[in-house]
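Work through the exercises below with the model open. Try each task before reading its solution.

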Amino acid sequence: MDWLPLLATGTTTAPAASPTTTSEDNPFQPVLDFFDSATFQAGVKLVGLMVVALWLASAFFVFKDARRRIADPVLVGVAVATAIVFPFVGVLIYTILRPPEYLDDVRERELEIRAMERRLGADHRCPYCRSEIESSYLICPVCTSKLKNACRRCKAPLEQHWKVCPYCETEVRADEPIEDEASTSVLPRVGRRSRQQASQP
């Protein structure tokens, strides 16, 4: 009957040693300790701050780029709001849908096209009154200003820098002024009509 107390004490002491051995032999305990450390918490806060800074920087990028590409301020506001409400995804959507050219480049190209049209004579307007004219006009029908000289032989309109008529091969003389029949005939007629109307009661 003496072995009963020993058996009882053996059964009570054996389970007490088991928790210490399991806690010391846990292989994930260092990882859990690292997640609970102050270094890990500081790293999480630093990464969060960097994400917020990148989010704000992307929204500012959308604002600056949209102002250079879009003329409508409402569309610029919509693009910025999309970048703020949908972080990073809104910037991607704006990058896909934004206009391909800057506004300055578009204006510069339009000015170049207008200048080229004027050099090629596509803009047929009177240089004095800006009325629409044809390339074959010798005189402006609105302000009666002389636009071109006429050939002495075929009466075709000549450009100022031409040295020979391309229609009849007549040489254009620079020393002798070419009288424009349109200017000498239209202006006196206009004057006569105005005088006749003024003399009539």
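A nonpolar core is a set of buried Ala, Val, Leu, Ile, Met, Phe, Trp, Tyr and Cys residues joined through side-chain atoms within 4.5 Å. Buried means under 20% relative accessible area, exposed over 50%, and partly exposed in between, with a 1.4 Å probe and protein chains only. The model is predicted: local features need pLDDT of at least 70, side-chain atom pairs count only at pLDDT 80 or more, and totals for chains, interfaces and linings use all residues. Numbering runs from 1 along each chain as its sequence is written, and side-chain values use heavy atoms, without hydrogens and water.

**Exercise 1. List the residues of the largest nonpolar core and find the helices that supply them.**

Step 1. The core has 10 residues: Ala59, Val62, Ala66, Ile70, Val76, Ala79, Val80, Ala83, Val91 and Tyr94.
Step 2. At least two residues come from each of α3 (38-69), α4 (73-85) and α5 (89-97). Helices here are DSSP runs (H or I, at least four residues), and strands are runs of E (at least two), numbered from the N terminus.
Step 3. α4 gives the largest share, 4 residues.
Step 4. Take Tyr94. Beyond its neighbours within four places in sequence, Tyr94 is in contact with Val62, Asp65, Ala66, Arg69, Ile70 and Ala79. Contact means heavy atoms within 4.5 Å.

**Exercise 2. Work out how the buried residues of α4 are arranged.**

Step 1. The buried residues are Val76, Ala79, Val80 and Ala83.
Step 2. They lie on the same side of α4, because their arc around the axis is only 95 degrees. The arc is taken from the directions from the helix axis to the C-beta atoms.
Step 3. These buried residues pack against α3 and α5.
Step 4. Val74 and Val85, on the other side of α4, are exposed.

**Exercise 3. Trace the salt bridges of Asp65.**

Step 1. A salt bridge puts a side-chain nitrogen of Lys or Arg within 4 Å of a carboxyl oxygen of Asp or Glu. The structure holds 5.
Step 2. Asp65 pairs with Arg69, with the closest N and O atoms 2.8 Å apart. The two residues are 4 apart in α3, so about one helical turn separates them.
Step 3. Asp65 also pairs with Arg98, at 3.2 Å between the closest N and O atoms. This pair links distant parts of the chain, 33 residues apart: Asp65 is in α3, Arg98 in the loop between α5 and α6.
Step 4. Check burial. Asp65 counts as buried because its relative accessibility is 7%. Arg98, at 26%, counts as partly exposed.
Step 5. Together, Asp65, Arg69 and Arg98 are linked in a network of salt bridges.
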